[in-house]
Amino acid sequence: ETWELRSDGTLLERFPSSDLRMTIVYRARCFPSEEAKHAYQNLKNDDMLSLELVLQTLIADLVKRGKLSSDKADAIDRLDLAVLLLDTYVKYP
């Protein structure tokens, strides 16, 4: 079987099935009680962490781990940050 990679209808590449690997990721939220589930489902925006706070926390940890210099932390491109986060925190066998 052959798979085709297309962009806007234009054929970019063909791949045999043997060259492909698929991964399925299932993520679920588990709660210790119905009350905890209800509290999570009814969180207000003001109770949630902002994207900027999450990114600042992760960047601070990258600096602490020596993966990112503090002088580059404020100017890192989002794509470069994403790749660095994956390399640092997501380990594949």
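Let's start our walk at Ser17, a residue that is partly exposed, with a relative accessible area of 30%. Keep in mind as you look around that this is a predicted model. Ser17 sits in the loop that runs between strand S2, residues 10-16, and helix H1, residues 34-41.

What does Ser17 touch beyond its neighbours within four places in sequence? Ser17 is in contact with Glu1 and Trp3. With Trp3 there is also a polar contact between the two side chains, at 2.9 Å. Thr2 is worth finding here too: although Ser17 and Thr2 are 15 residues apart in sequence, their C-alpha atoms are 5.8 Å apart in space.

From here we can turn to the charged side chains. How many salt bridges does a search of the whole structure find? The search finds 5, and we will visit some of them in turn.

One of them pairs Glu4 with Arg14, whose closest N and O atoms are 3.3 Å apart. This pair links distant parts of the chain, since Glu4 belongs to strand S1 (residues 2-7) and Arg14 to strand S2, 10 residues apart. Glu4 has a relative accessibility of 39%, so it counts as partly exposed. Arg14 is likewise partly exposed, because its relative accessible area is 48% and the partly exposed class ends at 50%.

Next, move along to helix H1, where the side chains of Lys37 and Glu34 meet in a salt bridge of 3.8 Å, N to O. These two residues are 3 apart in helix H1, so about one helical turn separates them. Are the two partners buried, partly exposed or exposed? Lys37 counts as partly exposed because its relative accessibility is 30%. Glu34 has a relative accessible area of 56%, so it is exposed; the cut-off for that word is over 50%.

Our last pair is Asp61 and Arg65, which form a salt bridge with closest N and O atoms 2.6 Å apart. Asp61 is partly exposed, with a relative accessible area of 22%; to be called buried, a residue would have to be under 20%. Arg65, its partner, is partly exposed as well, at 47%.

To finish, look back towards the strands. Which residues are joined into one network by salt bridges that share partners? They are Glu4, Arg6 and Arg14, so the Glu4 and Arg14 pair we visited earlier belongs to this network.

Technical notes
Residues numbered from 1 in each chain as written. Predicted model: local features only at pLDDT ≥ 70, side-chain atom pairs only at ≥ 80, totals over all residues. Heavy atoms only, no water. Helix = DSSP H or I, 4+ residues; strand = E, 2+ residues; numbered from the N terminus. Buried < 20%, exposed > 50% of the residue type's maximum accessible area, 1.4 Å probe, protein only. Contact = heavy atoms within 4.5 Å. Polar contact = N/O pair within 3.5 Å; in protein donor to acceptor, adjacent residues only side chain to side chain. Salt bridge = Lys/Arg side-chain N within 4 Å of Asp/Glu carboxyl O.
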